[in-house]
Structures are given as structure tokens and as C-alpha cells.
Amino acid sequence: MSEPDDLLIQIEALEAKLQLARESITRRFIGQERVVDLTLATLLCGGHGLLVGLPGLGKTRLVETLSTVMGLDGKRVQFTPDLMPADILGSEVLDTNADGSRAFRFLPGPVFCQLLMADEINRASPRTQSALLQAMQERQVTVAGADRPLGLPFHVLATQNPIEQEGTYPLPEAQLDRFLFQIDVPYPTRDTEREILLTTTGIEEGSAHQVFSAPELIAAQELLRRMPVGESVVEVILDLVRAFRPEEPGVSDRVAQTVAWGPGPRAAQALMLAVRARALLHSRLAPNAEDVLDMALPVLSHRMQLSFAARARGDSLSDLIAQTAADLAQNGIAA
């Protein structure tokens, strides 16, 4: 069997498993198909996700369900202002042996898992937030001078409340850039909310079951990186990312007057992975330009910043991204 045929068979098998995973997740996390797809894409790409939404929209429930469905060792940390880095990473304790000798022993923290839920991550101090930075980028932490590798796979799904900002510490740009997607969790539709009421307030609730295992997820991540991406799609990714850099020649006047700083190369890397994941989730063998435009908002919204004047005018970053992507498509770039 040739390599393209083998790749085709593996992709089709993965698509079938992803459909089963979707169905299992929606037994506990009802509706919100876009949110489910983006969180699945986060894991398929081997990245981390920032879930932004109001309290009570099911963010914690979603992460717990994902841990079950994907067969991952999941742990949760509730971030608070008094949380210390050692509470996440672990620490060394002094043990006394039976013969009276003493030695240090490392007690691993909750970061030593495969799926870490960082609940309300912006409530912790910058010192504690930075404890996750090395873990998210390098998949290892340094404690007491020793580098300690984390589990494989390793993913962080953090939650953030967009309205309660008193007593919080906004995430620094360097850490925001480590999140593959910003996943906005909106209110459910009326029909979805009706189904939630009927499903979750009775005697029995739907339960999720395991579809993937950790080795299968790692294999899926490797397969995703083998998916071909056409040259035209690569050009759309480059056009889109560079269209939001205010110092770039030829950018629109709106971007030049609105954006303080734009996305870097890591945004283009994220889009290269994201479009493959979206193609997989839509049962296609290769991504197209529509995938790029659809994934623009979750990839770019946390990697750029409006200028002070634009914020004072009440300009919206999501509107700017949507309009710029639409302009690119209208000009034939996405044809």
C-alpha cells in the first residue's frame, strides 16, 4: 500500500473516532457545537486553550468531560490570589529514613498530569501564572534546579471570566501567545437551554464514555501534522496574519489606525495546525481557504491588541478580525 493510501485510511479512521468523541461529549455538554469543535481541535493540535465565558456556562463541565472522553489523566487547580507556584509545580520535602539519615524527596504538583484545568487563571498573581509558562511551552518544569518532564500528552485548558476584573491579574502577552486558541463560550440558544433544563434537573444525567486513549491522541496529533496543506492555503494564512500588523506595508487604514501590535509568527504556526484540525472535524482530507478564515478569530483574538484610541472609541477586535477576513475573501484571496 502506498503512503498516500495509508494516510487516507488513517485519516478516515480518525474522523470516525472524532465523531464518536463528539457524540460522547454532547451527552454531558449539551449544544455549543462550535465550542466542542474548538476544544477538540486544541487537543488534536497538541496545544492549549483559553476558555472565556461567564459563570455557569459549563466550562468546567466541558473540561472534565474531555478528560473522560479522551482518556487523559486530568487534574484541576482553582486559581486564587494566594496560590503559590509550589502549589502547581510541587516541592521538595525533607524525609528522615529509618537509619536516621535525611534526604530530600520531590512531591509532584497537579501540573504533572495530561490535562490540567486552570480554573479562573487570571485570579492568581503573575508569579504563579509564570509557573505555567515553562510547562506550556517546554512540557517540563524546573524545581530545585532539576528539570522534570511532564506527562505526554500535556494540555492546559484554562478558564477566564470576562466580567469580574476586580482583584484579577491580566495574563501577560507572552503567556497569552502560548494558548493555541481563545475559545469564547457564549450563552446557549433557547432550544439548547431548554434541553439543558430537561436533561440536568432530573434523576439521571447523561454520562460520557472513553473514546480515545493517551497513545491514540498522540498518534492523532502526529497524523494531523502529516496532512497536506496546499500552497494557496499557506498564502492565505500569510496574507491574513500579516494583514493585522500595523507597520506592514499595504495594510488597510483601519488596521493601521486601530491595532497597537499584531500577531507574530506563532499565530501563523497555530493557523497551520488549526486548519488541518478543522478539515478533520469536517471530514475532509485537506484544509482549504475557508478553514483559514473560520479559524481566524480563535487564533488571532488574543494575539493582538487595539490601540488606546481604538478602545476609547469602543472598537471591537472581533469585528475588526471578521471584517478584515471578509475583505480578504472578497478580494479573491480566498477563492
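**Entry 1. The second largest pocket**

I began with the second largest pocket, whose lining comprises 20 residues, with C45, G46, G47, R225 and L273 nearest its centre. I then looked up the elements that give two or more residues to this lining, and found α6 (131–138), α9 (214–226) and α12 (265–281). I noted that α12 gives the most, with four residues. The volume of this second largest pocket came out at about 400 Å³. Sorting its lining by class, I recorded seven nonpolar, six polar and seven charged residues. I note here that the model is a predicted one.

**Entry 2. The largest pocket**

I turned next to the largest pocket, which holds about 610 Å³ of space. I listed 23 lining residues for the largest pocket, and those nearest its centre are Q160, L176, Q182, S301 and Q305. Which elements supply at least two residues each to this lining? I found β1 (49–53), α7 (173–176), β9 (181–185), β11 and α16 (317–330). By class, I entered 11 nonpolar, nine polar and three charged residues for the largest pocket.

**Entry 3. S301**

I followed S301 further, as one of the residues nearest the centre of the largest pocket. I placed S301 in the loop that runs between α14 (296–300) and β11 (305–306). Is S301 buried or exposed? I recorded S301 as buried, because its relative accessibility is 15%, which is under the 20% limit for that class.

I then examined what surrounds S301. A polar atom of the S301 side chain lies 2.9 Å from the backbone oxygen of L297. Leaving out residues up to four places away in sequence, I found that S301 touches Q182, A296, L317 and I321. Of these, Q182 also appears among the residues nearest the centre of the largest pocket.

**Entry 4. Cysteines**

I returned to C45, which is among the residues nearest the centre of the second largest pocket. I asked how many disulfides the structure holds. I found zero disulfides. The closest cysteine sulfur to that of C45 belongs to C113 and is 19 Å away, so the two are too far apart for a bond. Read from the other side, C113 is likewise in no disulfide, with the sulfur of C45 as its nearest cysteine sulfur. For reference, a disulfide is a covalent bond between the sulfur atoms of two cysteines.

I also checked the accessibility of both residues. C45 counts as buried because its relative accessible area is 6%. C113 counts as buried because its relative accessibility is 2%.

**Entry 5. A279 and E290**

I went back to α12, the element that gives the most to the lining of the second largest pocket, and found A279 in this helix. A279 is at 0% relative accessibility and therefore counts as buried. Setting aside residues up to four places away in sequence, I listed M227, R284, A286, P287 and D291 as touching A279.

I then looked up two C-alpha separations for A279. The C-alpha atoms of A279 and F308 are 37 Å apart, with these positions 29 residues apart along the chain taken as their separation. For A279 and E290, which are 11 residues apart along the chain, the C-alpha separation is 9.8 Å. E290 is in helix α13. I recorded E290 as exposed because its relative accessibility is 51%.

**Entry 6. Backbone geometry**

I closed with the backbone. Most residues other than glycine have a negative phi, and most peptide bonds are trans.

Which residues does a cis peptide bond join? I found it between L152 and P153, with omega at about -5°. P153 is in the loop between β7 (146–149) and β8 (155–160).

I also looked up positive phi values. Q32 is not a glycine, yet its phi is positive, at about 55°. I located Q32 in the loop between α1 (3–25) and α2 (33–44). Q32 counts as buried because its relative accessible area is 14%.

S283, also a residue other than glycine, has a positive phi near 60°. I found S283 in the loop between α12 and α13 (289–294). S283 counts as exposed because its relative accessible area is 52%.

Note on methods:
Residues numbered from 1 in each chain as written. Predicted model: local features only at pLDDT ≥ 70, side-chain atom pairs only at ≥ 80, totals over all residues. Heavy atoms only, no water. Buried < 20%, exposed > 50% of the residue type's maximum accessible area, 1.4 Å probe, protein only. Polar contact = N/O pair within 3.5 Å; in protein donor to acceptor, adjacent residues only side chain to side chain. Contact = heavy atoms within 4.5 Å. Disulfide = S-S within 2.5 Å. 1 Å grid on protein atoms, 1.4 Å probe; cavity = no way out; pocket = protein on both sides within 12 Å on 5 of 7 lines; lining within 4 Å. Points joined across faces, edges and corners; volume = space filled by probe spheres on them. Nonpolar A, V, L, I, M, F, W, Y, C, P; charged D, E, K, R; others polar.
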